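Biologist: Could you walk me through this model, one question at a time? I'm new to this, so please explain the terms as we go.

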Amino acid sequence: MALMTREEYIESLRKLNLKVYMFGELIENPVDHPIIRPSMNSVAMTYELAQQEEYKDLMTTKSHLTGEVINRFCHIHQSTEDLIKKIKMQRLLGQKTASCFQRCVGMDAFNAIYSTTYEMDKEYGTNYHERFVNYLKFIQENDYTVDGAMTDPKGDRGLSPSQQEDPDLYLRITEVREDGIVVRGAKAHQTGAVNSHEHLIMPTIALKEEDKDYAVSFAVPSDAEGVIMIYGRQSCDTRKLEEGADVDLGNANFGGHEALVIFNDVFVPNDRIFMCKEAKYAGMLVERFAGYHRQSYACKTGVGDVLIGAAALAADYNGANKASHIKDKLIEMMHLNETLWACAVACSAEGSKTASGNYLIDLLLANVCKQNVTRFPYEIARLAEDIAGGLMVTMPSEKDFKDPEIGKYVEKYLAGKTGTSTENRMRVLRLIENITLGTAAVGYRTESMHGAGSPQAQRIMIARQGNLESKKEMARRIAQVDTSKDK
């Protein structure tokens, strides 16, 4: 079974014995929980589109390991064309769900670990790459969703992992056995963790030899003994618990989620260990994963497409669509969105082959891409709110609208342009609210700021990779600078 259907994916989750907590309670059935289900629907879309002929070129490809057709989310990039198809797939899914579809982190982890283990084995004579290839075949054959996990809680940011008062604030190896290792710690902000079959773990920062216990990469099933997930809150999340909720949700069918994933003395067998105390290679793995994942923020352009469309619809319902300043704001939103897209395409097209054979994006351009993502979605959201108007956040509830006694007043006084539906106007405004302030704002706003590293992380990489000295030499040559005179 190289490609699961949507239905098979959902049923595969039901078979897992996940330990998921929300609001202080153990969730017996995460699949059908009203707060979790929309996020699962978003992942299910990655399976659904792979079954549709018109999208197969983007959503599927042939495995270079087995020759079988697989979901692109399980693929190791074999060319710059693969890198470009990846981001086209992500924009498409953003357009289809207007939310986070949660499989990108695992895909980016696959590609970073693939090349890093190859180079690690070359130096140390280890067999991590072979182990990882076998693991990846298992993932491809089952079409599993994998939670790529990098971010640790970190505790005191001024201290290294081994200097922390509580040594578990970075995930670490507590015991090395003949048949495997035992790990303890947590991974924070884990996108789609509850909807994943597996957790694939990486170190979160470059490490020195004294921190080698934290240099670990491995994979475990999501329901492995000792794994606990605590579901993260989102703005307006309990609207999903309201009876008959529809209009007020903004996006009733799709969503995203994050979780704090706890590892309480989890045993990992040798065949699922891909780094074990090789501190020297932690930095390489972090840098490569970060580059791939910063490229992945092409997904925000898909969500941006939906938000721009919603803003334009709001202008239509408001009767303001012909105003020159509204047209100009929509143009600016499209300009910013396509600038994000241009950077994603550029870092993909400029990718290059690694020693292992897979393709790595241009790291400088990937960091430029993500640096723009920390800014432009905020401006697009601001303009959407500007066009929508204050009613977006002051509207009465859906229950008021449907109430037999007072609904007529909501219908009358929330009417927009003559001949348009009040309910449809409310739906569009709630969608804008959902993306800019509600549950989807996790993915479109704050995740755009901090996901794949905060803005400063990209600026550090841009400074490192921008080759400033060569630029200075170009200027000296053109200006005919005689450096001997500067001494």
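Biologist: Let's begin with Leu200: which residues is Leu200 in contact with, leaving aside its neighbours within four places in sequence?

Modeller: First, a word on what you're looking at: this is a predicted model, where local features need pLDDT of at least 70 and side-chain atom pairs count only at pLDDT 80 or more, while totals for chains, interfaces and linings use all residues. Residues are numbered from 1 along each chain as its sequence is written, and side-chain values use heavy atoms, with hydrogens and water left out. Contact means heavy atoms within 4.5 Å. With neighbours within four places set aside, Leu200 touches Ala109, Phe110, Ile113, Phe132, Tyr135, Val146, Asp147, Gly148, Ala149, Phe218, Ala219 and Phe274.

Biologist: Which residues have the most contacts inside the largest nonpolar core?

Modeller: A nonpolar core is a set of buried Ala, Val, Leu, Ile, Met, Phe, Trp, Tyr and Cys residues joined through side-chain atoms within 4.5 Å. Buried means under 20% relative accessible area, exposed means over 50%, and partly exposed is in between (1.4 Å probe, protein chains only). In soluble globular proteins, nonpolar side chains tend to be buried together. The largest core here has 69 residues, and the ones with the most contacts inside it are Phe132, Leu200, Phe218 and Phe263.

Biologist: Which helix gives the largest share of this core?

Modeller: Helices (H or I, at least four residues) and strands (E, at least two) are DSSP runs, numbered from the N terminus. There's also a second, separate core of 39 residues, with Tyr297, Val373, Met395 and Ile432 among its members. Back in the largest core, the biggest share is 7 residues, and they come from residues 104–124, helix α5.

Biologist: On to charges: how many residues apart in sequence are the parts tied together by Glu433 and Arg239?

Modeller: A salt bridge is a side-chain nitrogen of Lys or Arg within 4 Å of a carboxyl oxygen of Asp or Glu, and the structure holds 34 of them. Glu433 and Arg239 make one, with their closest N and O atoms 2.9 Å apart, and both residues are buried. Glu433 sits in helix α15 (residues 422–436) and Arg239 in the loop between β10 (227–231) and β11 (258–269), so the parts this pair ties together are separated in sequence by 194 residues.

Biologist: And how far apart, N to O, are Glu379 and Arg382 in their salt bridge?

Modeller: These two share helix α11 (residues 376–388), sitting 3 residues apart, about one turn of the helix. Glu379 is partly exposed at 28% relative accessible area, and Arg382 is partly exposed at 45%. Their side chains meet with an N to O distance of 2.8 Å.

Biologist: Which residues are joined into one network by salt bridges that share partners?

Modeller: Let's look at one more pair before that. Arg427 and Glu423 both lie in helix α15, 4 residues apart, about one turn of the helix, and their closest N and O atoms are 3.0 Å apart in a salt bridge. In the network, bridges with shared partners link Glu11, Arg14, Asp32 and Arg37.

Biologist: Which side chain does the side chain of Gln458 make a polar contact with?

Modeller: Gln458 is in helix α17 (residues 455–465), and it's buried, with a relative accessible area of 0%. A polar contact is a pair of N or O atoms within 3.5 Å; within protein, one must be able to donate a hydrogen and the other to accept it, and residues adjacent in sequence count only if both atoms are side-chain atoms. At 3.5 Å, the partner of the Gln458 side chain is that of Gln371.

Biologist: Asp143 has a positive phi although it is not a glycine, so is Asp143 buried or exposed?

Modeller: Its phi is about 55°. Asp143 sits in the loop between α6 (128–142) and β5 (146–149). With a relative accessible area of 1%, Asp143 counts as buried.

Biologist: Last one: how far apart in space are Lys56 and Arg131, C-alpha to C-alpha?

Modeller: Lys56 is in helix α3 (residues 56–59) and is partly exposed at 31% relative accessibility. In sequence, Lys56 and Arg131 are 75 residues apart, and in space their C-alpha atoms are separated by 29 Å.
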